[in-house]
Amino acid sequence: MAEAEEDCHSDADRVDADENESPAERDLQARELFLKAVEEEQNGALYEAIKFYRRAMQLVPDIEFKITYTRSPDGDGVGNSYSEDNDDDSKMADLLSYFQQQLTFQESVLKLCQPELETSQTHISVLPMEVLMYIFRWVVSSDLDLRSLEQLSLVCRGFYVCARDPEIWRLACLKVWGRGCMKLVPYSSWREMFLERPRVRFDGVYISKTTYIRQGEQSLDGFYRAWHQVEYYRYIRFFPDGHVMMLTTPEEPQSIVPRLRTRNTRTDAILLGHYRLSQDADNQTKVFAVITKKKEDKPLDYKYRYFRRVPVQEADHSFHVGLQLCSSGHQRFNKLIWIHHSCHITYKSTGETAVSAFEIDKMYTPLFFARVRSYTAFSERPL
């Protein structure tokens, strides 16, 4: 799993959070970093501001919603003061509202951004809002790459406003949960629902490694018996449209992960199917999947029985999988725990189905998520 391509930042942008640090202390540290970033941005030090923004969001991802802003009496947008009180009459709702006012006050016509230097080429700021929003939907793509959308929002205030467009986040939620997310309650926005509501991740693969010792055959002279260490991996890849792939193989991630980028893989023994999310009364989110082996056209197999050619009884095999979705460490929705695994054999001649349930033991180790950049490097369709 470590060999999969993972996201990393420079040492200067990384925040080492203390495991024993309380949530209140972490919120306070994130607020200080965020306000420092706003101050640097006002002074024109955009590079330094981005570093402080990133460090603050690593500690508290929704820190921008926990800080409110009040405008100075001069109304020119310069020297704005920032407060953390709860007086709704003297503050703006969040950073998004603040940026929207900044854009509105610049000119009578809303303009998302302006070129820093004079250029003879057409600047992106002249594009209509509808065209820009269509470009943003291509950035998200049908793979729901909302991570790239968040990175795009760091370009300027105008792009930040576009990246917070409710319609983009609503379409993303509908693609993940379907009709199960028609109401926002208890969330305050579609973006908050997508970030907070448990879901499987699409920009990588869930991987588990199982190791055990197996006793071998005794030697011919009877003096020793060999022992074998067996290692194998399980890979599960989810797609936003409800499809899922599963593979069990002894091959290591560096050779398997690139093959799982699309469903049209030629990897042998791959299992394909569909999955659904289910949330119980105890607020535990579970993933249920039904997967089958790729169908291949094979000639009818015969076996000789009593000197007669008798065709082998045809049957369809499917595997039912149940997993519990959890969070581990600082990452969210990155762990899958096995709760069910069974094989269903349906005989075509009689229509009967035989079910064999596997015992969930130590051989079913949890699967952990590994982000793979190449999975979202290209966009095939817009959101």
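Let me begin with a single residue: setting aside neighbours within four places in sequence, T210 is in contact with V230, E231, Y232, R234, M363 and T365. Before going further I should say that what we have in front of us is a predicted model, and that everything I describe this morning is computed from that model.

Staying with T210, we find this residue in strand β3, which covers residues 204-218. Is T210 buried or exposed? T210 is buried, because its relative accessible area is 1%, and the cut-off for that word is under 20%. Two of the residues I listed as contacts come back when we look at polar atoms. The side chain of T210 makes a polar contact with the side chain of T365, at 3.3 Å, and a polar atom of the T210 side chain also lies 3.3 Å from the backbone oxygen of M363.

Let me now step back to the chain as a whole. The protein chain has 383 residues, of which 38% count as buried, and its secondary structure comes to nine helices and 13 strands. If we take the contacts with a separation of 6 or more, 54% of them join residues that are 24 or more positions apart.

With that in mind, let us turn to the nonpolar cores. The largest nonpolar core has 43 residues, and those with the most contacts inside it are L144, F194, Y206 and F238. Which helix gives the most to this core? That is helix α7, residues 166-177, which contributes six residues. Apart from this core lies another, of 16 residues, with A49, L95, F99 and Y160 among them.

The next topic is empty space inside the model. As a general point, rolling a probe the size of a water molecule over the atoms shows where empty space is left. How many cavities of 30 Å³ or more are there? The count comes to two, and the largest cavity holds about 40 Å³ of space. Its lining is made up of I236, F238, V244, M246, A289, I291, V321 and L323. Those who were listening closely will have noticed F238 again, which I named a moment ago among the residues with the most contacts inside the largest nonpolar core. Four strands each supply at least two residues of this lining, namely β4 (225-238), β5 (243-249), β7 (285-293) and β10 (315-328). Sorted by character, the lining residues divide into eight nonpolar, no polar and no charged.

I would also like to point out two residues with particular backbone angles. S141 has a positive phi of about 65 degrees, although it is not a glycine, and its place is in the loop between α4 (129-140) and α5 (146-152). With a relative accessible area of 2%, S141 is buried. F333 likewise is not a glycine and has a positive phi, in this case of about 55 degrees, but F333 is found in strand β11, residues 331-347. F333 counts as buried because its relative accessibility is 6%.

Helix α2, residues 46-59, deserves a stop as well, and Q58 lies in it. Q58 counts as partly exposed, at 31% relative accessibility, and its C-alpha atom is separated by 8.4 Å from that of A30, with their positions 28 residues apart along the chain. R55 also has its place in helix α2, and R55 is partly exposed, with a relative accessible area of 26%. From R55 to L33 the distance is 7.0 Å, C-alpha to C-alpha, for two residues that are 22 apart in sequence.

Finally, let me take you to two places later in the chain. V355 sits in strand β12, residues 353-357, and, not counting residues up to four places away in sequence, V355 touches S342, C343 and H344. The C-alpha atoms of V355 and S318 are separated by 9.7 Å, and the two residues are 37 apart along the chain. T376, in turn, lies in the segment after β13 (367-371). Which residues is T376 in contact with, leaving aside its neighbours within four places in sequence? They are D145 and D203, and T376 counts as buried, at 17% relative accessibility.

Terms used. Residues numbered from 1 in each chain as written. Predicted model: local features only at pLDDT ≥ 70, side-chain atom pairs only at ≥ 80, totals over all residues. Heavy atoms only, no water. 1 Å grid on protein atoms, 1.4 Å probe; cavity = no way out; pocket = protein on both sides within 12 Å on 5 of 7 lines; lining within 4 Å. Points joined across faces, edges and corners; volume = space filled by probe spheres on them. Nonpolar A, V, L, I, M, F, W, Y, C, P; charged D, E, K, R; others polar. Core = buried A, V, L, I, M, F, W, Y, C linked by side-chain atoms within 4.5 Å. Buried < 20%, exposed > 50% of the residue type's maximum accessible area, 1.4 Å probe, protein only. Polar contact = N/O pair within 3.5 Å; in protein donor to acceptor, adjacent residues only side chain to side chain. Contact = heavy atoms within 4.5 Å.
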